[in-house]
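Work through the exercises below with the sequence and the structure side by side. Try each task before reading its solution.

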Amino acid sequence: MHHHPIEDYALIGDHQTAALIGRDGSLDWLCLPRFDSAACFAALLGDEENGHWRVAPTDAGPCTRRAYRPDTLVLDSEWDTENGSVRVTDFMPQRDRTPDVVRIVEGLKGSVTVRSTLRLRFDYGSVVPWMRRQDGHRVAVAGPDSVWLRSEPQVHTWGHAFGTHSEFTVEEGEKVAFVLTWHPSHEPRPPLVDPYDSLRDSVADWRAWAAHCTYEGPHRDAVVRSLITLKALTYAPTGGIVAAPTTSLPEEIGGVRNWDYRYCWLRDATLTLGALVSAGYLAEAEAWRDWLLRAVAGNPDDLQIVYGLSGERRLAEHELPWLSGYADSAPVRVGNEAVEQLQLDVYGEVVDSLALAHRSGLARRPHAWNLQLCLLEFLRKKWQEPDQGLWEVRGGRRHFVYSKVMVWVAADRTVRSLEADPELGGDVERWRELRDEVHREVCERGYDAERNTFTQSYGSTELDASLLLIPRLGFLPPDDPRVIGTIDAVRADLGRHGFLRRYSGDEREIDGLPGQEGTFVVCSFWLADALHMTGRTKEARELFERLVELRNDVGLLAEEYDAVAERQLGNFPQAFSHIGLVNTALALFGTDAGG
């Protein structure tokens with residue numbers, strides 16, 4: 001199967017799962033009922049026989065134009081054909097009990113024949129369901145899954161080659177609505193949703209939500225679209241935010257760097273919280289902070305870097321050999337083995353998040369402070385050990401500079417909290433000593449005086465994009481010559497066609513895998529932030545403008561960008577890329593931005 005470029009996809013979702021729809025009107029990825037459930041449409045990672053649902057004019061190629069309705073997650077795709085024009089409106093209503101996908105076909109002018117081709121394949125494209133007719137529906141059942149499809153009005157529909165096909169003609173002003181509903185096969189069918197009421201409610205709900213955004217600077221549309229995407233990647237029942245709604249979209253076409261991102265990482269918790277708080281979304285920030293507290297509750301020795309949507313700990317990783325992979329990029333993986341790794345930086349990340357929540361005036365949680373002290377006590381005992389670092393390398397532990405800086409952050413934030421509010425209780429002297437000791441060691445062992453730059457790990461010559469966060473974290477002031485030297489060295493060493501890779505050197509040696517990867521979108525936003533902090537705001541803004549241009553036609557970003565092939569790579573859309581965009585826009589153009 002010819003796979004569409006990753007940027008050809010648009011996202012729809014209902015705050016519990018999400019679907020990807022191509023420019024050709026084909027829904028090629030959807031996991032039901034949750035982000036981390038098995039996909040029932042998996043053509044994205046295989047071929048059409050692995051499940052897809054296309055609604056488009058017969059014999060038509062990609063749509064003529066498409067866009068989200070402003071400030072919503074409702075997608076309109078339009079085709080102009082020789083016989084007329086037609087619009088397909090796709091969305092998932094906020095769910096009452098069960099998930100629905102609504103696809104409304106509307107004649108705009110002339111007379112257009114439209115075809116719907118539905119191939120449901122449960123369990124990641126491996127199980128062909130049994131189809132039957134009942135009460136004007138087509139019903140697909142396989143094991144635990146049941147899916148109902150109906151159209152209003154009913155149109156000519158038939159089964160062929162393990163698919164369900166419909167064909168009909170729409171004149172100007174005529175509409176046909178398809179509704180696909182999933183529910184557990186042992187339960188009765190849920191109440192029917194009205195497609196047109198649902199559309200009206202969905203548009204109104206999203207617009208009311210988007211109106212809360214407090215950012216009024218340049219590229220507001222990009223910032224709002226990023227926030228809507230972030231909201232769409234939030235699992236509403238728990239407040240957890242998935243890194244992406246997909247698994248195994250490759251970091252290198254045809255390569256093996258394919259991972260499952262349908263889980264919640266602690267690593268970017270503070271940046272996520274910061275983006276939500278700064279943009280005016282305190283309820284979402286609070287839900288994310290509460291998710292964090294529940295997930296990390298327990299013995300600090302057991303802190304993981306990644307958890308399930310509800311804080312689940314076991315995310316066993318396995319491969320799906322029947323899927324050929326996106327553009328033959330195998331294996332397709334489900335689950336994430338990174339849960340097994342020691343990453344000291346996430347302890348600092350959690351403490352930094354709790355401190356930010358405290359400073360931002362989020363409702364206090366009585367056990368949060370005790371948890372913070374427990375995490376710090378763990379770091380006091382463990383901080384001198386090597387770890388796997390924030391990029392989750394599978395190539396052995398070392399003394400990563402960023403990990404040690406985050407230990408300093410944990411101590412620093414705790415000291416500051418105690419200085420501001422001694423009533424909290426805690427040994428402020430002990431944490432001051434830890435803070436000073438870590439700072440001293442990092443400046444001695446993690447800094448290369450000859451090149452005037454910090455390095456990826458103690459004693460190495462390699463560089464790492466995470467070093468750009470040193471001024472933002474407050475480890476050293478922005479005007480420190482070591483900070484400016486590090487920014488310049490990282491930009492020179494990791495820059496590729498004006499964007500940044502994550503780290504230098506032989507990637508196989510660092511992460512234990514063959515092949516290369518693209519430039520990391522979020523790292524380039526970090527560079528823009530660092531340039532701005534060190535007084536180079538004009539350069540920072542120029543870089544930000546170029547990054548905004550990387551978004552696809554509906555404003556979405558994957559994890560990586562291949563500047564040579566000019567295409568997006570990696571899981572899509574990626575929460576951290578959009579968080580980077582929001583935070584950099586706020587830093588450069590927000591009310592308190594200088595320059």
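**Exercise 1.** Classify Asp268 as buried or exposed, then find its salt-bridge partner.

*Solution.* Start with accessibility. Asp268 has a relative accessibility of 4%, so Asp268 is buried. Buried means under 20% relative accessible area, exposed means over 50%, and partly exposed lies in between (1.4 Å probe, protein chains only). Next, the partner. Asp268 pairs with Arg267, with 3.0 Å between the closest N and O atoms. A salt bridge puts a side-chain nitrogen of Lys or Arg within 4 Å of a carboxyl oxygen of Asp or Glu. Last, check the partner. Arg267 is at 12%, so Arg267 is buried too.

Two notes on the source. This is a predicted model, in which local features need pLDDT of at least 70 and side-chain atom pairs count only at pLDDT 80 or more, while totals for chains, interfaces and linings use all residues. Residues are numbered from 1 along each chain as its sequence is written, and side-chain values use heavy atoms, leaving out hydrogens and water.

**Exercise 2.** Describe the salt bridge of Arg380 and Glu377, and place both residues in a helix.

*Solution.* First, the distance: the closest N and O atoms are 2.6 Å apart. Second, the helix. Both residues sit in α7 (residues 368-382), three residues apart, so about one helical turn separates them. Helices (H or I, at least four residues) are DSSP runs numbered from the N terminus. Third, exposure. Arg380 has a relative accessible area of 33%, so Arg380 is partly exposed. Glu377, at 19%, is buried.

**Exercise 3.** Do likewise for Asp197 and Arg200.

*Solution.* Their side chains form a salt bridge of 3.2 Å, N to O. Both belong to helix α2 (residues 195-210), three residues apart, or about one turn. Asp197 is partly exposed at 35%. Arg200 is exposed at 55%.

**Exercise 4.** How many salt bridges does the structure hold, and which residues join Arg65 in a network?

*Solution.* The total is 40 salt bridges. Glu78, Asp80, Arg87 and Glu106 are linked with Arg65 in a network of them.

**Exercise 5.** Locate Phe544 and list what Phe544 touches.

*Solution.* Phe544 lies in helix α14 (residues 537-548). Its relative accessibility is 0%, so Phe544 is buried. Now list the contacts (heavy atoms within 4.5 Å). Leaving out residues up to four places away in sequence, Phe544 touches His219, Phe525, Leu581, Thr584, Ala585, Leu588 and Phe589. Take Ala585: 41 residues along the chain from Phe544, with 7.9 Å between the C-alpha atoms.

Definitions and conventions:
Helix = DSSP H or I, 4+ residues; strand = E, 2+ residues; numbered from the N terminus.
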